[in-house]
Amino acid sequence: MTETNWAGNIAFGAGRLVAPSTIDDVQQLFAEASPGSVRPLGTRHSFSPIADTPGTLLSSSGFADANEIRISEDRASVSVPGGIRYGELARALEAEGLALANLASLPHISVAGAIATGTHGSGVANGSLATAVRAIEFVNGSGEIVTLRRGDPEFDGAVVSVGALGFTTRIELDIEPSYDIAQTVYRGLPLDALLESFDETVGLGYSVSLFTTWSDADTIDQLWLKRRVATDRPAPSEILGARPSTVAMHPLPDVDPVHCTEQFGAPGPWLDRLPHFQLEFTPSNGAELQSEYLVPRAVAADALREMHSLAPQIRELLLVNEIREIAADTLWLSGAFETDTVGIHFTWKPLQDAVDALLPRIEERLLPLGARPHWGKRFHADADTLAALYPRFDDFRALAAHHDPRGVLRNDFLRAKLAI
Ligand SMILES: Cc1cc2nc3c(=O)[nH]c(=O)nc-3n(C[C@H](O)[C@H](O)[C@H](O)COP(=O)(O)OP(=O)(O)OC[C@H]3O[C@@H](n4cnc5c(N)ncnc54)[C@H](O)[C@@H]3O)c2cc1C
């Protein structure tokens with residue numbers, strides 16, 4: 001079997017890919033599995049060997065209820081199968097006049113895979129996608145069905161799980177009435193002015209993303225402002241001298257924006273504005289790699305100054321940097337654990353050796369500021385380094401040992417990054 005991840009940079013070492021159709025099948029598989037022989041697999045959008053195993057990859061696509069969405073009577077939550085993609089879920093919710101608080105930049109990822117890795121969108125008051133989780137059901141490494149609800153002692157450890165506790169079967173998420181977003185793209189934001197008023201600038205709307213290629217190292221190329229039409233202030237006529245674009249923009253220079261979500265302040269439903277790319281289109285062909293560091297927002301300006309000083313090296317390998325905001329949460333392995341953060345994201349050219357060689361230099365600058373690497377993207381730091389960044393690191397390791405005492409789910413990634 002040769003299966004790869006979405007980007008094609010990881011060829012899974014697994015001997016087989018299994019799509020069980022019932023929870024019983026998953027339980028039996030775990031009960032019979034030997035140590036280090038099973039990994040849950042989502043939609044394969046991670047850039048590291050996080051999901052790899054020499055044994056069996058376990059897909060959620062075969063479940064009998066693989067598309068079953070259950071909206072609660074009070075319309076405040078929805079129960080979904082772990083393998084559902086955000087795009088399908090968003091369409092089903094919107095058809096009912098309902099919404100999620102936030103989405104990542106693309107809708108093609110599974111809910112279980114996204115929450116396991118701390119995947120996020122943007123917005124100073126928006127937590128990562130995992131913060132919408134009210135309850136999680138998984139088959140643990142011993143084959144037992146476990147259900148944890150918000151407030152249960154283990155819950156905060158079990159949501160951002162990096163797939164180390166078991167196979168997530170169902171997830172209950174917070175929802176709210178549907179809402180409209182209007183998106184305006186501004187061009188040419190002077191870096192110095194931004195760093196002097198970082199919090200005010202990224203707080204100008206419900207969700208703000210900054211894009212830059214460092215082609216002019218003193219200017220951030222684009223600011224994407226996504227306002228909640230009913231509650232946010234109108235779009236300003238300029239932001240620190242940056243003016244609204246008069247042409248539709250793609251985050252990458254000189255790329256046709258035809259697949260980007262609508263701009264020019266035209267209101268539209270949340271699911272057609274929060275992602276940068278339209279639901280129907282794959283944002284790119286996979287010819288890229290990604291890394292991201294979640295930096296405390298209080299030191300975002302210092303972190304960006306560090307990146308500015310590395311711009312000549314970064315620029316060589318970079319397609320684009322995206323800077324987003326994630327609100328603090330209480331999830332043990334979240335990049336935003338107890339800290340309002342800013343994600344400094346790198347979309348790299350698909351030059352893995354060169355990218356991997358540069359990452360330690362970036363980490364030398366960012367990790368001392370408290371930056372935590374995104375679990376689903378490429379990074380260099382090992383378990384000793386990460387332990388110092390996550391106050392509940394050892395508690396998570398104990399939780400993993402409790403739910404997977406035989407180490408059925410263990411793989412090289414978990415050994416290297418979590419000492420599991
Ligand atoms: C083009 C692109 C855009 C992206 N945009 C963003 C973005 O905007 N924001 C962001 O934060 N990240 C982003 N990412 C990263 C991505 O969201 C994460 O890598 C996420 O994990 C992908 O989900 P997946 O279903 O593909 O998971 P996979 O890569 O398949 O798996 C990731 C982890 O989740 C575990 N897992 C998967 N399914 C289950 C399950 N049922 N039970 C238990 N564990 C499970 C796996 O074991 C593995 O450890 C992007 C990636 C790509 C390729």
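Analyst: A strand in this account is a DSSP run of type E with at least two residues, and strands are numbered from the N terminus. The model is predicted, and in it Arg 233 falls in the loop between S13 and strand S14 (243–244).

User: What makes Arg 233 buried or exposed?

Analyst: The relative accessible area of Arg 233 is 58%, and because the class of exposed residues begins over 50%, Arg 233 is counted as exposed. As for its position in space, the C-alpha atoms of Arg 233 and Gly 157 are separated by 37 Å, with the two residues standing 76 residues apart along the chain.

User: Why is strand S13 described as largely enclosed by the rest of the structure?

Analyst: A residue is called buried when its relative accessible area is under 20%, and 10 of the 10 residues of S13 (residues 219–228) are buried, so the strand is largely enclosed.

User: How do you know which strands pair with S13?

Analyst: Pairing requires that DSSP find at least two bridges between the strands. Strand S11 (residues 180–190) is joined to S13 by 9 bridges, and strand S12 (residues 207–212) is joined to S13 by 5 bridges, so each of these pairs satisfies the requirement of at least two. S11 and S13 run antiparallel, and S12 and S13 likewise run antiparallel. Gln 222 of S13 is the bridge partner of Arg 187, and Gln 222 is also the bridge partner of Phe 211.

User: What is notable about the backbone of Trp 214, and where does the residue lie?

Analyst: Trp 214 has a positive phi of about 60 degrees although it is not a glycine. Its place is in the loop between S12 and S13, in a hairpin that has 6 residues between the strands. Its relative accessibility is 1%, which falls under the 20% limit, so Trp 214 counts as buried. Arg 44 is another non-glycine residue with a positive phi, here of about 65 degrees, and it sits in the loop between strand S2 (38–41) and strand S3 (56–59). At 23% relative accessibility, Arg 44 is neither under 20% nor over 50% and therefore counts as partly exposed.

User: Why is the contact of Arg 150 and Asp 174 called a salt bridge?

Analyst: The rule asks for a side-chain nitrogen of Lys or Arg within 4 Å of a carboxyl oxygen of Asp or Glu, and because the N to O distance of Arg 150 and Asp 174 is 2.7 Å, the pair qualifies. The pair links distant parts of the chain, 24 residues apart, with Arg 150 in the loop between strand S8 (145–149) and helix H4 (155–158) and Asp 174 in strand S9 (residues 166–174). Arg 150 is partly exposed at 42%, and Asp 174 is partly exposed at 23% relative accessibility.

User: How do you know that Asp 340 and Arg 297 meet the salt bridge rule, and what does the pair tie together?

Analyst: Their N to O distance is 3.7 Å, which lies within the 4 Å limit, so the pair is counted as a salt bridge. Asp 340 lies in the loop between strand S17 (318–326) and strand S18 (341–348), and Arg 297 in the loop between strand S16 (289–296) and helix H7 (300–309), so parts that are 43 residues apart in sequence are tied together. Asp 340 is partly exposed, with a relative accessible area of 36%, whereas Arg 297, at 15%, is buried.

User: How many salt bridges does the rule give in the model?

Analyst: The count comes to 21 salt bridges. One of the pairs is Arg 378 with Asp 356, whose closest N and O atoms are 2.8 Å apart.

User: What makes the sheet of S4, S5, S9, S7 and S8 an open one with edge strands?

Analyst: The open sheet has 5 strands in the order S4-S5-S9-S7-S8, with antiparallel pairing. Strand S4 (70–71) and S8 are its edge strands, since each pairs on one side only. S4 is joined to strand S5 (residues 77–81) by 2 bridges, and because the criterion is at least two, this pair meets it. Arg 70 has Ser 79 of S5 as its bridge partner.

Note on methods:
Residues numbered from 1 in each chain as written. Predicted model: local features only at pLDDT ≥ 70, side-chain atom pairs only at ≥ 80, totals over all residues. Heavy atoms only, no water. Buried < 20%, exposed > 50% of the residue type's maximum accessible area, 1.4 Å probe, protein only. Helix = DSSP H or I, 4+ residues; strand = E, 2+ residues; numbered from the N terminus.
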